[in-house]
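I set out to look up two topics in this entry: the empty spaces and the packing of a pair of helices. My notes follow in the order in which I took them.

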Amino acid sequence: MTTTLAIGQPTNRVDGRHKVTGGAHYSADMVLGTMAYAVLVGARVPSGRITGIDTDEAQQAGGVLAILTHENLPGIAAQPPLIPSLAGMPAPGQTFFPLQDEVVHYAGQPVAVVVADTLERAQHAAALLRVAYEETPSVTTIDQGRDAAYEPEAIFAGFVPGRNTRGDVDAGLAQADVRIDATYTFAANNHNPIEPSATTAAWDGDQLTLHDATQGVAATQLTVAALLGLTPSKVRVLSHYVGGSFGCKAMIWAHPALAALAARQVGRPVRLALTREQMFTSVGHREEQEQRITLGADKEGRLTALRHHKLSPTSHFDDWAEPSLGVASQIYACKNYEGVYRLIRANTMTPTFMRAPGEASGMFALESTMDDLAHQLGIDPVELRLRNYSDTDPNTGNPWSSSGLRECYQRGAERFGWQRRNPEPRSHRDGNWLIGYGMATAGYPVYGPNNPQRARARLYADGTAVVQAATPDFGTGVATVMTQVTADALGLPVERCRFEGGDTTLPTIAAAVGSSGAGMISAAVHTAASNLRDQLIAQAVADTQSPLHGADPGAITVRDGRMMLRDAPETGESYGDLLHRNFLPDVEAAGSWSPSPQSTRYGMMTFGAQFAEVAVDPDLGVARVRRMVGAFAPGRVLNAKTARSQLMGGMLWGLGQALLEANFMDPRRGRWVASSLGDYLVPVNADAPEVEIDLIEVADDVVNPLGVKGVGEVGQVGAAAAIANAVHHATGRRIRKLPITIEDLL
């Protein structure tokens with residue numbers, strides 16, 4: 001047993017100094033031997049075939065080492081199936097690998113790789129490449145492909161059924177006193193982390209080393225090994241620092257394997273870094289969407305039926321859609337439900353995870369409709385949600401492993417000052433500004449890995465400890481938090497513990513996606529460190545020279561690097577004493593964790609409630625978010641500071657989703673209209689309002705050993721709906737599209 005001191009504390013990031021002083025080296029910072037530089041050339045048409053590639057001028061440019069096209073690139077060994085990276089298997093971003101033939105499926109698809117001895121020379125030669133196309137008609141928007149839409153058997157790499165029903169929706173709508181039928185539209189969103197994706201590849205004989213910007217080094221290792229026909233043991237992947245991901249670095253796209261193939265071709269290390277423009281066409285996106293909700297309720301606001309359909313474009317090769325109908329089907333008690341996905345084969349790359357994948361869009365539609373219902377019935381929006389609260393997962397009937405949602409409503413409303421809200425739209429003013437208050441429910445599933453998660457802990461005779469697991473830190477603060485977990489399990493001060501990760505030679509951890517990282521990594525780290533502690537206690541109990549010889553191991557606790565009797569703390573010794581006496585420089589233990597079989601008997605979700613105050617200028621159509629409050633119940637909080645940081649980031653991203661972020665396909669040219677941060681708008685500091693976060697800890701004995709649910713996604717889920725509902729309260733206008741623009745408010 002240990003005395004918990006570190007877990008939950010707002011500990012500063014252990015890597016903070018390295019990041020702010022430039023000591024942190026990212027994948028595109030690595031310099032390996034005589035470096036070469038690769039530049040991708042993307043297709044300029046959305047559909048068709050390559051009829052010719054003239055490389056003469058580019059080949060004659062100075063410093064060019066190789067130009068790889070479908071005519072000379074070695075074929076890949078195998079294209080693994082599309083499987084989410086959390087599964088711990090190869091995780092290609094799409095079941096299509098470029099440069100294998102002359103067919104063009106989407107604009108921006110790589111058609112050549114130019115390698116030169118400097119980046120500038122590679123860029124110059126790439127600009128000299130001449131590619132001729134025979135263009136064919138393309139489909140890139142919902143309106144173009146609506147008539148050819150189909151219902152897939154499953155989406156999300158086959159993990160989510162294309163249809164989910166319970167009860168009788170038609171009967172539930174027939175008995176409803178109030179019915180709402182509403183359609184919501186969503187612009188596509190693109191990934192723009194501060195660090196564009198990059199890979200640096202080097203061969204040593206048949207051994208490949210990749211420095212890759214990835215959420216999961218094992219996912220990169222297994223995917224590249226499968227594509228190149230290598231055993232995974234021949235591929236080492238390192239990723240110590242990652243400059244943000246938010247989903248685009250969860251699946252493994254073509255560039256790591258292309259970097260490896262280029263490095264093998266030229267016989268020297270190669271760096272392949274995507275440009276900002278290529279981030280729009282190379283790492284997936286949140287797809288354009290149309291969602292229709294038909295909702296029925298009685299006069300008291302209790303739901304009698306919910307029909308939720310989603311239509312979105314996918315690629316020619318994958319049935320992929322965000323699982324937008326997940327939490328929206330579970331969050332409220334409703335006996336009659338129908339959720340259906342419909343897809344359009346389009347000239348686009350396969351969409352992918354983007355922060356709060358699916359739930360950020362699906363809950364916007366549902367929570368906007370719930371607000372509409374509350375307005376029509378004259379019921380307070382918080383009260384309406386409480387009337388539809390469910391103690392069980394409506395899809396299965398299983399109880400929640402833990403909830404805390406009622407407390408989120410209560411605490412969030414209190415901190416926000418919800419009681420001051422006059423329900424009548426346009427009733428609050430501040431000068432010329434119309435002031436609106438809005439709220440929404442947030443929820444995100446608790447995902448768990450399908451395979452064991454492993455970690456290793458080592459204690460040195462000087463009383464310091466290191467714990468190792470392969471996971472990289474992509475900005476969430478995992479190195480800091482796992483140091484805290486280690487400190488508590490071993491009973492050591494945080495400053496005497498260290499975490500090492502981001503290397504496939506370390507114990508395997510699946511990619512930390514879908515808010516799963518904190519739970520599964522802490523479980524493995526806690527298990528490894530606890531096993532090490534128990535091993536040391538057992539050694540002390542068996543050591544005739546130890547003050548603890550013969551003691552009951554269960555009666556021993558550890559604190560400040562010292563083992564002692566709980567009821568007689570003066571009796572004991574330090575770890576260092578034990579190791580020095582036995583001539584041991586160090587001692588280590590491994591730990592492994594898999595989800596408990598009992599978890600299948602529970603619904604598992606992180607809950608929250610979000611509130612927003614919005615000011616709208618009715619003359620200019622300008623909307624400004626003034627305040628945001630979020631109350632969340634994420635199970636056990638490992639670090640209050642990093643948890644708040646994650647939630648604040650999600651809430652501010654929800655602001656961007658609500659008011660700024662949008663991209664559109666030009667239906668004539670089949671290309672994204674925006675391809676830079678000059679055209680694709682994201683929130684900046686001047687857009688950020690006051691943000692308050694309330695953490696409500698709830699005990700959960702099911703999800704993992706420490707009861708951790710995770711907070712990376714849930715902060716975004718209800719934010720856009722709360723803002724849109726506040727816009728309605730301010731103006732009386734119900735906006736059913738994202739983002740909400742000036743034109744919508746004039």
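**Entry 1. The second largest pocket.** I note at the outset that this is a predicted model. I began with the character of the lining of the second largest pocket: 27 of its residues are nonpolar, 19 are polar and four are charged. In all, 50 residues line this pocket. I looked up which of them lie nearest the centre and found F159, V160, P445, V446 and Y447. For the space in the second largest pocket I recorded about 1200 Å³.

I then asked which helices and strands each supply at least two residues of this lining. Among the strands I listed β8 (160–161), β9 (163–166), β17 (337–345) and β19 (433–445). The helices are α9 (327–330) and α14 (517–542).

**Entry 2. The cavities.** I next turned to enclosed space. Rolling a probe the size of a water molecule over the atoms shows where empty space is left. I recorded three cavities of 30 Å³ or more.

The largest cavity holds about 160 Å³ of space. Its lining comprises 19 residues, and Q94, F96, P98, W253 and A254 are those nearest the centre. I sorted this lining into 13 nonpolar and six polar residues, with no charged residue.

The second largest cavity holds about 60 Å³. I wrote down its lining as F186, A187, N189, R286, E287, Q289, Q657, E661, L738 and P739. Of these residues, four are nonpolar, three polar and three charged.

**Entry 3. The α16 and α18 pair.** Q657, which I had listed in the lining of the second largest cavity, also belongs to the contact of α16 with α18. I therefore examined this pair, since two packed helices are described by the angle between their axes and the distance between the axes. Helix α16 spans residues 640–659 and helix α18 spans residues 719–731. Their axes lie 7 Å apart, at an angle of about 55°. Why do I class α16 as oblique to α18? The angle of about 55° makes the pair oblique, because only angles under 35 degrees count as roughly parallel and those of 65 to 115 as roughly perpendicular. I recorded the crossing of α16 and α18 as right-handed.

Finally, I listed the residues that meet. From α16 these are M651, G654, L655, Q657, A658 and L659; from α18 they are A719, A720 and I723. I counted seven nonpolar and two polar residues in this contact, and no charged residue.

Methods: Residues numbered from 1 in each chain as written. Predicted model: local features only at pLDDT ≥ 70, side-chain atom pairs only at ≥ 80, totals over all residues. Heavy atoms only, no water. 1 Å grid on protein atoms, 1.4 Å probe; cavity = no way out; pocket = protein on both sides within 12 Å on 5 of 7 lines; lining within 4 Å. Points joined across faces, edges and corners; volume = space filled by probe spheres on them. Helix = DSSP H or I, 4+ residues; strand = E, 2+ residues; numbered from the N terminus. Nonpolar A, V, L, I, M, F, W, Y, C, P; charged D, E, K, R; others polar. Axes fitted to C-alpha atoms, helices over the stretch in contact; angles between N-to-C directions. Parallel < 35°, antiparallel > 145°, perpendicular 65-115°, else oblique. Left-handed = near helix turned anticlockwise from the far one by under 90°. Contact = heavy atoms within 4.5 Å.
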